[in-house]
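Here is a short set of exercises to work through with the model open beside you. Try each task first, then follow the solution step by step.

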Amino acid sequence: MQSVSAAPVASDALPLLTQVYADYTAADQHVWQLLFDRQMALLPGRAAEAFLEGVRRVGFTRDAIPDFREVNPRLQELTSWELVVVPGIVDDAVFFQLLADRKFPATTWLRTLEQLDYLEEPDMFHDVFGHVPLLTDAGFTDFLQKLGAAAVHHGQRWPGTLEQFTRLYWFTAEFGLIQQPDGLRIYGAGLLSSHGEVKFSLSEAPTRLPFTLDGVLDTPFEKDKFQDLYFVLTDMQQLPESLAQLQARLLE
């Protein structure tokens with residue numbers, strides 16, 4: 001299992017870590033290859049074009065686990081974002097502050113062969129393969145940065161509002177679908193990194209509703225099972241529009 005080492009603390013709440021690339025084993029690299037090959041065989045025709053283009057732009061391949069020392073300069077050049085290493089799931093307030101600072105938190109540990117299809121918490125394949133390609137898209141990262149900044153601002157004044165921003169993030173960046181001219185496509189990282197849920201989300205089994213802010217805010221979610229409800233965008237511009245709408249409501 002790959003390890004991390006301590007680096008300077010970014011805030012009082014979150015000690016940031018460093019990816020120790022030399023600690024990845026041949027078994028780790030094999031798992032990355034299996035996961036990468038499986039998803040890249042499945043996603044064409046199912047993933048949003050912006051994601052597939054992002055895989056190319058950021059330089060991900062089957063040949064090696066991404067090295068953050070190579071990924072971050074590419075992201076900086078494209079959208080001024082970077083990955084920061086965290087030991088696991090972080091507190092929502094810390095997470096949104098990182099987004100506001102154009103930093104995306106990522107773990108560096110990778111699942112084992114026995115865990116290919118199920119994990120109790122996200123590993124680096126979810127964090128990196130699932131999220132990073134869309135971090136090359138300026139429009140999407142602008143939404144994430146503004147979402148983080150708004151969550152921090154309103155959450156500090158009214159802590160109870162943080163859940164609303166969490167739901168907006170969950171049903172978009174994690175589990176969002178979009179209707180493209182050539183069909184229904186996935187842009188949420190929780191789907192893009194899950195072989196089973198890619199197929200499930202586009203099947204007849206779940207409920208899919210047109211994306212509305214009211215629908216998202218009125219819908220609770222569970223983290224440890226397939227979603228049974230997804231919201232479908234007609235245009236990515238709905239993301240910044242929904243955020244502006246949410247902020248306007250909170251100021252009323």
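Two terms come first: on a 1 Å grid over the protein atoms alone, a pocket is an open set of points with protein on both sides within 12 Å along at least five of seven lines, while a cavity is a set of points where a 1.4 Å probe fits but cannot get out; lining residues have an atom within 4 Å of a point. Grid points are joined across faces, edges and corners, and a volume is the space filled by probe spheres set on the points.

This is a predicted model, in which local features need pLDDT of at least 70, side-chain atom pairs count only at pLDDT 80 or more, and totals for chains, interfaces and linings use all residues. Residues are numbered from 1 along each chain as its sequence is written, and side-chain values use heavy atoms, with hydrogens and water left out.

**Exercise 1. Describe the largest pocket and find which residues are closest to its centre.**

Step 1. The largest pocket holds about 1000 Å³ of space.

Step 2. Its lining has 41 residues, and those closest to the centre are Glu121, Pro122, His126, Trp170 and Glu174.

Step 3. Now look at the elements, where helices (H or I, at least four residues) and strands (E, at least two) are DSSP runs numbered from the N terminus. Two or more lining residues come from each of α4 (92-100), β4 (103-106), α5 (124-130), α7 (162-174) and α9 (195-201). The most, 4 residues, come from α7.

Step 4. Sort the lining by class, counting Ala, Val, Leu, Ile, Met, Phe, Trp, Tyr, Cys and Pro as nonpolar, Asp, Glu, Lys and Arg as charged, and the others, Gly among them, as polar. The result is 17 nonpolar, 11 polar and 13 charged residues.

**Exercise 2. Which residues line the second largest pocket?**

Step 1. This pocket has a volume of about 150 Å³.

Step 2. Its lining is made of Leu17, Thr18, Gln19, Asp67, Phe68, Arg69, Asn72, Glu82, Leu83, Val84 and Val85.

Step 3. β2 (17-19), α3 (68-79) and β3 (82-85) each give two or more residues to this lining, and the largest share, 4 residues, is from β3.

Step 4. By class, there are 5 nonpolar, 3 polar and 3 charged residues.

Step 5. Pick out Leu83 and list its contacts (heavy atoms within 4.5 Å). Beyond its neighbours within four places in sequence, Leu83 touches Phe68, Val71, Asn72, Leu75, Phe104, Ala106, Val132 and Leu135.

**Exercise 3. How many cavities of 30 Å³ or more does the structure hold?**

Step 1. There is 1 such cavity, with about 30 Å³ of space in it.

Step 2. Gly130, His131, Leu134, Phe140, Ala173, Tyr187 and Ala189 line this cavity.

Step 3. The class count is 5 nonpolar, 2 polar and no charged residues.

**Exercise 4. Are Ala150 and Leu243 buried or exposed?**

Step 1. Use these cut-offs: buried means under 20% relative accessible area, exposed over 50%, and partly exposed in between (1.4 Å probe, protein chains only).

Step 2. Ala150 lies in helix α6 (residues 138-157), and it counts as buried because its relative accessibility is 4%.

Step 3. Leu243 belongs to helix α11 (residues 238-250); its relative accessibility is 3%, so it counts as buried.

Step 4. Leaving aside neighbours within four places in sequence, Ala150 is in contact with Gly155, Phe165, Leu243 and Gln247. With the same exclusion, Leu243 contacts Phe143, Lys146, Leu147, Ala150, Phe165 and Leu168.

Step 5. Check one distance: Leu243 and Phe143 are 100 residues apart in sequence, with 8.1 Å from C-alpha to C-alpha.

**Exercise 5. Locate Ser80 and Arg102, and look at their phi angles.**

Step 1. Ser80 sits in the loop between α3 and β3, and Arg102 in the loop between α4 and β4.

Step 2. Ser80 has a positive phi of about 65° although it is not a glycine; phi of Arg102 is also positive, near 60°. For background, most residues other than glycine have a negative phi.

Step 3. Ser80 has a relative accessible area of 41%, so it is partly exposed. Arg102, at 24%, is partly exposed too.

**Exercise 6. Where does pLDDT stay under 50?**

Step 1. pLDDT is the predictor's confidence in each residue, from 0 to 100. The chain has a mean of 92, and 94% of its residues reach 70 or more.

Step 2. The stretch under 50 is residues 1-13.
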